[in-house]
Amino acid sequence: ISGCPPPQDVRVPPPPVNTHCHADHITGSGTLRGALGGLSAISGASGARADLLLGEGDELPFGAFALRVRASPGHTPGCLTLVLDDASMAFTGDALLVRGCGRTDFQQGCPRTLYRSVHEKIFTLPDSCLVYPAHDYQGHTVSTVGEERRLNPRLTLSPDEFVALMEGLRLPRPRLMDVAIPANLRCGIQD
C-alpha cells in the first residue's frame, strides 16, 4: 500500500483486516484500531469504510513478512483471501471453508463467481499451503489447499453442478444480519 512504510519490528502485527463485510457477526476491527492504534482494512469492493481499502495485488507488510491480497468474490463482492508472502498459508475468510464454502444467497453473492474465485485464486496455491477459514461449524480450524482441492464436496463439483447446489440451499437468514451489516460497513463502530 503506498504511503504505508513497512514496520521494522517483527512483533508488529498487520492491521486488523476484514476478509469481507460479515452478516453473521460484528467485526472488532474498529475496536482494535481504537485500542491499539494503527489502521483498519477491508476490500474496496465491499462498500465499507476503513483506513485502507484493499484490492487484488496489494500487500500488507508486517515485520519481515507480508500478506498478499487476492480478490476472491462470490460469497460477497468484496471478499479477500490473504496469502502469506511465501504462500505457506492463506486466510480465506468465508470464500473457502474446510470442506465447504460461504453461502451465496445474500449480500450480492454469486455461486459462479465464488467457484471461479476459489479455483483461480486459492486452488492455484501450492498443495501444502495451509488454509485458515474465517470459521467452521464443525470445529475445524485448518486444512490445506491440496486437501480442499481433492476432498471439498462442493468445490469438486463441475461449475454447473456447484451453481445448482448453491442455488438449491435453503438456509435460514443470518439472525444478526440487520445489525451486523450496517455496523460492519462502518468498521464495526456502532452509532
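Let me open with a single pairing, in which Leu 82 has Phe 91 in β6 as its bridge partner, and work outwards from there, keeping in mind throughout that we are looking at a predicted model.

That bridge belongs to the contact between β5 and strand β6, residues 89-93, where the two strands run antiparallel and are joined by two bridges. Val 83 also has its bridge partner in β6, namely Ala 90. The two strands make a hairpin with four residues between them, and within this hairpin Ala 87 takes a positive phi near 60°. Most residues other than glycine have a negative phi. Ala 87, which lies in the loop between β5 and β6, is a residue other than glycine with a positive value, and I would therefore ask you to look at its backbone in the viewer; the general tendency is for a negative phi outside glycine.

Staying with β5, we can turn to its other neighbour, since β4 and strand β5, residues 80-84, pair in the antiparallel sense over five bridges. Among the facing residues on that side, Ala 71 stands opposite Leu 80 in β5, and Arg 70 has Thr 81 of β5 as its bridge partner.

How many residues of β5 are buried? Five of the five are, so the strand is largely enclosed by the rest of the structure. As for the directions of the side chains, Leu 80, Leu 82 and Leu 84 point one way from β5, while Thr 81 and Val 83 point the other way, and all of these are buried.

Moving one strand further, β4, residues 65-71, is joined by four bridges to strand β3, residues 59-62, and the two run antiparallel. Across this pair, Pro 61 stands opposite Ala 66 in β4. Here, too, there is a hairpin, with two residues between β3 and β4, and Gly 63 in the turn has a positive phi of about 55°.

We can now assemble these pieces, because they belong to an open sheet of six strands, in the order β3-β4-β5-β6-β7-β8, with mixed pairing. β3 and β8, the latter at 143-144, stand at the edges with a single partner strand each, so one side of each is left without a neighbour in the sheet.

Is a residue in such an edge strand, Thr 144 in β8, buried or exposed? At 16% relative accessibility, Thr 144 counts as buried, given that the cut-off for that label is under 20%. Leaving aside residues up to four places away in sequence, Thr 144 touches Asp 127, Ser 128, Cys 129, Leu 130 and Val 131.

Let me add two loop positions. Asp 51 is found in the loop between β1, residues 41-43, and β2, residues 52-54, and with a relative accessible area of 34% Asp 51 is partly exposed. Its C-alpha lies 5.9 Å from that of Ala 41, although the two residues are 10 apart in sequence. The residues that Asp 51 touches, again not counting those up to four places away in sequence, are Arg 33, Gly 38, Leu 39 and Ser 40.

The other position is Gln 108, in the loop between β6 and α2, residues 111-122, which is exposed with a relative accessible area of 65%. Gln 108 is a residue other than glycine with a positive phi, in this case near 55°.

Finally, the chain as a whole. Its secondary structure comes to five helices and eight strands, and from the N terminus on the elements run α-β-β-β-β-β-β-α-β-β-α-α-α. The radius of gyration is 16 Å, close to the 16 Å that the globule rule gives for 191 residues, so the chain is as compact as a globular protein of that length. Along the principal axes, the C-alpha atoms fill a box of roughly 45 × 40 × 30 Å.

Buried residues make up 43% of the 191 residues, and, of the contacts with a separation of 6 or more, 61% come from residues 24 or more positions apart. The accessible surface comes to about 9,500 Å², with 56% of it belonging to carbon and sulfur atoms. As for charge, the chain has 17 positive and 20 negative side chains, and the centres of the two sets lie 3 Å apart.

Key:
Residues are numbered from 1 along each chain as its sequence is written. This is a predicted model: local features need pLDDT of at least 70, side-chain atom pairs count only at pLDDT 80 or more; totals for chains, interfaces and linings use all residues. Side-chain values use heavy atoms; hydrogens and water are left out. The radius of gyration is taken over C-alpha atoms; the globule rule is 2.2 Å times the number of residues to the power 0.38. Buried means under 20% relative accessible area, exposed over 50%, partly exposed in between (1.4 Å probe, protein chains only). Contact means heavy atoms within 4.5 Å. Accessible areas come from the Shrake-Rupley method with a 1.4 Å probe; for residues, only the protein chains shown count as cover. Lys and Arg count as positive and Asp and Glu as negative; His and the chain ends are not counted. The place of a charge is taken as NZ of Lys, CZ of Arg, CG of Asp or CD of Glu. Two strands pair if DSSP finds at least two bridges between them.
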